[in-house]
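These are my notebook entries on a structure I was asked to examine. I record what I looked up, topic by topic.

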Amino acid sequence: MPATLPDGEPMPPTGELPGSALDGAADRPFGVYLHVPFCASRCGYCDFNTYTPTESGLDQTDYVTAALAEIAFARRVLGTDRPVRTVFVGGGTPTLLPPGDLARLLAAIDDAWGLAPDAEVTTEANPESVNPASLKTLREAGFTRISLGMQSTAPHVLRLLERRHTPGRAAEAAQEARAAGFEHVNLDLIYGTPGETAADFDRSLAAAVAAGVDHVSAYSLIVEEGTRLAGRVRRGEVPMPSDDVAADRYLAAETALDAAGLHWYEVSNWAADDAARCAHNLLYWTGGDWWGIGPGAHSHVGGVRWWNVKRPAHYAKLIAEGVSPGAGRELLTGEDRYVEDVMLRLRLASGIALADLRDGGPPAARTALADGLLDPHEYAAGRAVLTLRGRLLADAVIRDLLT
Amino acid sequence: MPATPGVNQPGATDSGAIRNFCIIAHIDHGKSTLADRMLQLTEVVDPRQMRAQYLDRMDIERERGITIKSQAVRMPWTIREGERAGDGAVLNMIDTPGHVDFTYEVSRSLAACEGAVLLVDAAQGIEAQTLANLYLAMENDLTIIPVLNKIDLPAAQPEKYAEELANLVGCLPEEVLKVSGKTGVGVPHLLDEIVRRLPAPVGDAQAPARAMIFDSVYDIYRGVVTYVRVVDGHISARDRIKMMSTGAVHELLELGVISPEPVKSGALGVGEVGYLITGVKDVRQSRVGDTVTINTRPAAESLGGYKDPKPMVYSGLYPIDGSDYPDLREALDKLKLNDAALVYEPESSAALGFGFRCGFLGLLHLEIIQERLEREFGLDLIATAPNVVYRVVMDDGKEVVVTNPSEYPVGKVAEVYEPTARVTVLAPNDYVGTIMELCQGRRGVLLGMDYLSADRVELRYTLPLGEIIFDFFDQLKSRTKGYASLDYEPAGEQAAELVKVDILLQGETVDAFSAIVHKDKAYNYGTTIAAKLQKLIPRQQFEVPIQAAIGSRIIARETIRAIRKDVLAKCYGGDISRKRKLLEKQKEGKKRMKMVGRVEVPQEAFIAALSTSDSAGDAGKSKK
Ligand SMILES: Nc1nc2c(ncn2[C@@H]2O[C@H](COP(=O)(O)OP(=O)(O)OP(=O)(O)O)[C@@H](O)[C@H]2O)c(=O)[nH]1
Ligand SMILES: C[S@@+](CC[C@H](N)C(=O)[O-])C[C@H]1O[C@@H](n2cnc3c(N)ncnc32)[C@H](O)[C@@H]1O
Ligand code: SF4
Ligand SMILES: [Mg+2]
């Protein structure tokens, strides 16, 4: 969750949703996101809503109590029974919590709505914050998927990123996860870090592949405002990451991952097969419903988006008073939904149906096709799907399709 | 001792007691500050309302610390000392601007006066606009009172400059008055001398009324306010007045004098300066230079008018948001009401849309109009690079006057004429060499050189006007450590080897960047603009060549490499609202782009590429 919250209208204290948001809810997939806002230290590039133990103003037990309370609150607001198809525990570093706490939280979600039989249950984890025993506990508690922040195997890159783990630790943790019975394991990579060479990144890719995971996310390093990294770039201590370099790295990722049998299904995500894809993220990208528990968590139900207050202590206080921790919300108009749909779906390998494009969309799609940004076979079959070059220019294509 | 009872009665003032004068000087020599002291000594301004440069009323004048509009003020005065002490008089003082762009304001002020206070900064001595304004005053047969100002300054050299000034105006050094507008020293004596030395206006009180319009201002509350100087006869508030050029007759709504706020009066008589309001909404019906008479007893012959000021530089003004075009038209119409020198006509540009080609007196004038349009009318504008007017004669004898470079005719050109200017540069003699070098580099022809004193030189040149309106003054200043001052006036035209340079983006000419330049400078212009654009235009999805060309001959080339990555490749979780808003902002930004073929050019690129780096506001100023 990025650090700043959007502007929106105020959230009603009851958290109550307009009736329309719940119409037909039973037929829409439903997921739960749980935000754990703690990290042992903050990485220099990171602007996620996360706090070190000294900063948070809320201790971990009180956080768990508050999150359990919001689960109950959510159950009351949503009313209907809805099997939970996906759970995603993200952060922060969820694995800073004792595995038992994560297990309790998952059990509470199961109690509230019931997990679907084939539910995907992911937790993010930092490589240094898991071990074979904790992984085993998590697996036994019902977690089916783990996503580890590897970022790089180059020591100087990890240092610049201010990561705490050793170069080899992420791949090792991935193997431990597989040994603990996790069928689905993801590694996050960051490319384009100043000082990272093409060979550095090739080695990181090779290490991720060699770890035998069935999913890789590769993100281009973004210098976010207000981070230590941004300060260093501003002061000229570190050069600004270059988009041209990032483009080269992206192509390298595509080549190496595809060769290893990991195929792109979203701009930054590659998976071995359908089952390996992150169902929870796909729910975000295809307009599904989910409730986000925890400070700064975002939710979406039937065209209503809302977001919780960011500060953990503030969050805990509101939920303890039985008041919605929502800081603001947004009721999407038909136009908003269309814009989001194009914006999110075009990033997917499944793309968007040409027939769904409005206004200036169809001619813009023809231009993008002529420019080699849309795949001709898919186009002939009635879909707008990005080519490799198109993926690198996805934002531009999206802007064009929406004019 | 400001007034003698009975004398200061508008409409009933004996013309023998009236003195009409203006304060003229080089920029910043202290005209408005001296005027402040006069306002105080004559007690026309409430001490609580007093502020520095009281007559610089426009925000833009106050911010820049310069006078743009002349201001006339009626002040009562009784001679304090010496001969005729105790005699009462009525003074009409006009504070004028010093900047070369506003010489026109000075000329029409002069026509309302019998005398001029020629002010010279006692620490600077004579400067270029001192000469220029003095010559204008002499052409108008005004009596000159030479005055040294700022004698309080430690660096002042009153004796030295009294001599210089006396030489210049042809008087004795003792006759040069010495004042400080800052401390007020010498100002009462100056006022006494104004009454003693300047002639009273002469006119026939019995003749049909004739009043000269020397200014005309649009006021949103009162409509058009017309400033007049009565030459003959008498205008009373009950009269119906007639404009002699058009024959139009208007009811008078109000008549009065400015002191320095408007004061209504029943009448204005011979020699008096005042204002009238008729309720017309259009300043063009109340043209500067026209003669006002009385409908029931009209004068037979009008007074000599003014020459309309001729614009020296042209620039296209375009609203950044195309839908503001009607607002821009309205705003220009309003500004035109107060500014006869502003001319404009609609034009359109493939790159910039609909706008106006506007003519200005100089770059400062352009800058001020643009700033007023933006500030007072809330418009966001792009101004194309300023240019002078060219006359192009074709092989077939046809003639085209080009005020917009993109309209330079295609086909066989026989001859191109560019406007020239007579330039006067004043500087310490150490800098003569470097000034000559600069003028030669700008195709200048030396007309003559004179020593004003042992170490002060006046250089006279003819230069192409197009060579001086851009960075000439900046160059002059930096090469003379700020000690040179500059004045120029139009001086006809000359044939020259000029070419039109076009700038092409992906093969398409961007009309807003076309320029007419001397053939020796074409390459320089082409490479400079191409390099600027290369930096200013963001990378596109495809490679964009930028070319500079004369006709079909390419003289410079740059390339904007294609953008390779334009995608947020980060984990953004469930915060989709923020991502959508970011996208919407980008879409807004895209709308503000101007399309040149398929190339998206940000407004900022046009603005930055078209801006001349110098600040026009300084032209004509000398080092402090
Ligand atoms: N020390 C000193 N400074 C003065 C005196 N008179 C004017 N100044 C300063 O000189 C500067 C210019 O004064 P203005 O009165 O604005 O000059 P101006 O001639 O009206 O200038 P323009 O209208 O732009 O041509 C200001 O900073 C004044 O404070 C003076 O007698 N002594
Ligand atoms: C929600 S974060 C948390 C994961 C976990 N705490 C960790 O760091 O291992 C998920 C991923 O986002 C990516 N990420 C975070 N900040 C980023 C940035 N500024 N630029 C690019 N990727 C970033 C990292 O790859 C990180 O692993
Ligand atoms: S560990 Fe992950 S969430 Fe925590 S600061 Fe680092 S990148 Fe951000
Ligand atoms: Mg002034």
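The entries below cover ligand surroundings, the chain contact, helix packing, one sheet and some backbone geometry.

**Entry 1: status of the model.** I note at the outset that this is a predicted model.

**Entry 2: ligand 2.** I looked up which residues come nearest to ligand 2. Of the 19 residues around this ligand, they are A:Gly149, A:Asp188, A:Tyr219, A:Ile222 and B:Cys571. Because residues from chains A and B surround ligand 2, I record the site as shared between chains. Three strands of chain A, E2 (84-91), E4 (145-151) and E5 (184-191), are the elements that give two or more residues to this shell. Sorted by class, the shell holds eight nonpolar, seven polar and four charged residues.

**Entry 3: ligand 3.** I then listed the residues around ligand 3; among them are A:Cys39, A:Cys43 and A:Cys46. The list also includes A:Arg42, A:Phe48, A:Thr50, A:Thr93 and A:Asn126. A:Gly91, A:Gly92 and A:Gly149 belong to it as well. I count four nonpolar, six polar and one charged residue in this shell. A:Gly149 thus appears in the surroundings of ligand 2 and of ligand 3.

**Entry 4: a cis peptide beside ligand 3.** I checked the peptide bond from A:Gly91 to A:Gly92 and found it cis, with omega near 10 degrees. A:Gly92 sits in the loop between E2 and helix H4 (99-113) of chain A.

**Entry 5: other backbone geometry.** For reference, most residues other than glycine have a negative phi, and most peptide bonds are trans. In chain B, the bond from B:Ser259 to B:Pro260 is cis, with omega near -15 degrees. I place B:Pro260 in the loop between strands E12 (254-258) and E13 (262-264) of chain B. A:Asp359 is not a glycine, yet its phi is positive, at about 45 degrees. This residue lies in the loop between strand E13 (352-353) and helix H14 (361-370) of chain A.

**Entry 6: contact of the chains.** Chain B gives 23 residues to the contact and chain A gives 38. On the side of chain B that touches chain A, I find seven nonpolar, five polar and 11 charged residues.

**Entry 7: helices H8 and H10 of chain A.** The axes of H8 (residues 198-210) and H10 (residues 243-259) come within 10 Å and cross at roughly 30 degrees. I therefore class H8(A) as roughly parallel to H10(A). Their crossing is right-handed. Contributors from H8(A) include A:Phe201, A:Leu205 and A:Val209, and those from H10(A) include A:Ala252, A:Ala256 and A:Leu257. The contact has nine nonpolar, no polar and three charged residues.

**Entry 8: helices H3 and H12 of chain A.** Here the axes of H3 (residues 60-78) and H12 (residues 312-320) come within 9 Å and cross at roughly 45 degrees. That angle makes H3(A) oblique to H12(A). The crossing is left-handed. Among the residues in contact are A:Tyr63 and A:Phe73 of H3(A), with A:Tyr315 and A:Ile319 of H12(A). By class I find nine nonpolar, no polar and two charged residues.

**Entry 9: a sheet in chain B.** I traced an open sheet of four strands in the order E18-E19-E17-E20, with antiparallel pairing. Its edge strands are E18 (343-349) and E20 (381-383), each pairing on one side only. Neighbouring strands are turned by 30 degrees against each other on average, direction ignored. E18(B) and E19(B) (residues 353-360) pair over seven bridges. I looked up the bridge partner of B:Glu347 in E19(B), and it is B:Gly355.

Methods: Residues are numbered from 1 along each chain as its sequence is written. Chains are lettered from A and ligands numbered from 1 in the order in which they are written. This is a predicted model: local features need pLDDT of at least 70, side-chain atom pairs count only at pLDDT 80 or more; totals for chains, interfaces and linings use all residues. Axes are lines fitted to C-alpha atoms, for helices over the stretch in contact, and angles run from 0 to 180 degrees between N-to-C directions. Angles under 35 degrees count as roughly parallel, over 145 as roughly antiparallel, 65 to 115 as roughly perpendicular and the rest as oblique. A crossing is left-handed if the near helix is turned anticlockwise from the far one by less than a right angle, and right-handed if clockwise. Two residues are in contact if their C-beta atoms, placed from the backbone, lie within 7 Å. Ala, Val, Leu, Ile, Met, Phe, Trp, Tyr, Cys and Pro count as nonpolar, Asp, Glu, Lys and Arg as charged, and the others, Gly among them, as polar. A residue is near a molecule or strand if its C-beta atom, placed from the backbone, lies within 6 Å of it. Two strands pair if DSSP finds at least two bridges between them.
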